[in-house]
Amino acid sequence: MKNYFLLFWMLLPLWGVATHVDAQPAQKQVTVVISPDHEDWRYKVKEEAVFNVQVFKDENLLKNVTVDYETGPEFFPAVRKQDVVLKEGKITLKSSMKEPGFLRCRVVAKVDGVEYEGLTTVAYDEIQIRPTTANPEDFDVFWSKALEDARKVPLEPQLRLLPERCTSGANVYEISFQNEKPGSRICGILKMPKQPGRYPAILNVPGAGIRPYGGANYGDHVISLQIGIHGISVTLPQEVYNNLGAGALSGYFFINKNNRDAHYYKRVYLGCARAVDFIFELPEFDGYTLAVTGGSQGGALSIVTAALEPRIKYLAAFYPALCDYAGYLNHRAGGWPHYFRTEKPAPNEVETLAYFDVVNFARRVQAKGMYSWGFNDVTCPPTSMYAAYNVIPGPKELKVYLTTGHWTFPEQNAFVTEWLLKQF
């Protein structure tokens, strides 16, 4: 099975990145380049970081350009300057940090009424970052009981062949199964090898949003299950998802965030664990080799699923969301969806969300994991992601692509896909 990783250039998965993900930036006529004086973008606490800022137009320094700039920790800039004229098209900025975290330099050039942004984020002893979110004493009891109760509900799986999506080597099905209570279902796309045998499996968990799914393709020798989390079919017309996103499911991640038994993500987390139950009931599954993967919300759900389900052997997560919510209450960047960035917590919210914070699941992950993100992510700030990564006790590897934000290079996708398929 190890040889199948060679197919990764053709078989890159659908990572299920959040709908608010920033697209990989397109090339523009004006470019703001911010170069730190350390090539690895890493510094020691109290060490001065030097940012060399250059503004180019048509590949030449743009003289007499007006810029705004700010430096400081993510979302907490300590220095802000506006309408600074760079006579030679360049400037040197300096800053530092007194504790582990990430220091961001943001420069906006204003040219002919258009703004062009440059962003560079450097690390300060990032391996020393620890969560600010509390670890509830009854965390394990709460989730063990929740899983026990959910598993009293029979899966009652339903499969519908999708002939138009089948290939010469795999059958494709729309599937659903019951989740935590009768009638509450998880839906998804299952790709099953046609050749008789027993195969490893990969569970794809989704990024944030409401959308249809096409399934993930890892070749004809891997079972893949891509799930949605909202209990609705994943093959409906796009208009249905648009209406739900603007209506009943708008801001679903805020629903009942002050009640641990009713918070929206309780159903979601349990649904991911029930997807593992579903896979283990497939006679074609080899009964052992199971991985989970996703990006953004899906990166978070990958960690959560691996923590709840010890039968997960491998984990590949891109820029996980939902990490260290309480960061903002400690004057530090917290993870998406940034619950406390602009609003003070209401009664019971901090306590409730601790049961859903990815850092507390990360503390319990034993699966072998590959993680990947960039320092310039403004959706899932690296401080929040490292808060989770640094407390993972299981075997782990982090592949950083410094310049990426909430997006990935093709090479980055290929690297993680290759790693994942090498495990089989």
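A disulfide is a pair of cysteine sulfur atoms within 2.5 Å. With that cut-off in hand, here are some close-up views of this predicted model.

**View 1. Cysteines without a disulfide.** A search through the whole structure turns up 0 disulfides. Take C380: the cysteine sulfur closest to its own belongs to C323 and sits 7.1 Å away, so the two are too far apart for a bond. C380 is also buried, and its relative accessible area is 0%. C105 is another buried cysteine, again with a relative accessible area of 0%.

**View 2. Helix 1 against helix 3.** Two packed helices are described by the angle between their axes and the distance between the axes. For helix 1 (residues 139–150) and helix 3 (residues 264–280), the axes come within 10 Å and cross at roughly 65 degrees. The crossing of helix 1 with helix 3 is right-handed. On the helix 1 side you will find F142, W143, A146, L147 and A150, which meet K266, Y269, L270, A273 and R274 of helix 3. Sorted by class, this contact has 8 nonpolar residues, no polar ones and 2 charged ones.

**View 3. Helix 3 against helix 4.** Here the axes of helix 3 and helix 4 come within 9 Å, with a crossing angle of roughly 65 degrees. Helix 3 passes helix 4 in a right-handed crossing. Helix 3 brings Y265, V268, Y269, C272 and V276 to the contact, while helix 4 supplies Q297, L301, V304, T305 and L308. Of the residues in this contact of helix 3 with helix 4, 8 are nonpolar, 2 are polar and none is charged.

**View 4. An open sheet of 5 strands.** The strands of this open sheet follow the order 2-9-8-5-6, and their pairing is mixed. Strand 2 (42–43) and strand 6 (79–86) are the edge strands, each pairing on one side only. Within the sheet, strand 8 (residues 101–111) and strand 9 (residues 114–124) are antiparallel and share 11 bridges. If you want a landmark for this pair, look for G101, which stands opposite Y124 in strand 9. Helix 7 (residues 382–389) lies across strand 2 and strand 8, and runs at about 160 degrees to strand 8.

**View 5. The hairpin of strand 5 and strand 6.** Strand 5 (residues 65–73) pairs with strand 6 in the antiparallel sense over 6 bridges. V65 of this pair stands opposite L86 in strand 6. The two strands form a hairpin with 5 residues between them, and F75 in the turn has a positive phi of about 65 degrees.

**View 6. Strand 14 and its two partners.** Strands of a sheet pair through backbone hydrogen bonds, either parallel or antiparallel. Both senses appear in this view: strand 12 (residues 185–193) is antiparallel to strand 14, over 4 bridges, whereas strand 13 (residues 199–204) runs parallel to strand 14 and is joined to it by 4 bridges. G188 has I227 of strand 14 as its bridge partner, and N204 stands opposite Q226 in strand 14. Strand 14 (residues 223–227) is mostly covered, as 5 of its 5 residues are buried. In a regular strand the side chains alternate between the two faces of the sheet. In strand 14, I223, L225 and I227 point one way, S224 and Q226 point the other way, and all are buried.

**View 7. Three backbone spots worth a closer look.** Most residues other than glycine have a negative phi, and most peptide bonds are trans. E59 has a positive phi, near 70 degrees, and is placed in the loop between strand 3 (49–57) and strand 4 (60–61). S296 also has a positive phi, near 65 degrees, in the loop between strand 15 (285–295) and helix 4 (297–308). Which of the two settings is buried and which is exposed? E59 is exposed, at a relative accessible area of 66%, while S296 counts as buried, at 1% relative accessibility. The third spot is the peptide bond from W336 to P337, which is cis with omega near 10 degrees. P337 lies in the loop between strand 16 (314–318) and helix 5 (349–353).

Note on methods: Residues numbered from 1 in each chain as written. Predicted model: local features only at pLDDT ≥ 70, side-chain atom pairs only at ≥ 80, totals over all residues. Heavy atoms only, no water. Axes fitted to C-alpha atoms, helices over the stretch in contact; angles between N-to-C directions. Left-handed = near helix turned anticlockwise from the far one by under 90°. Contact = heavy atoms within 4.5 Å. Nonpolar A, V, L, I, M, F, W, Y, C, P; charged D, E, K, R; others polar. Buried < 20%, exposed > 50% of the residue type's maximum accessible area, 1.4 Å probe, protein only. Pairing = 2+ DSSP bridges.
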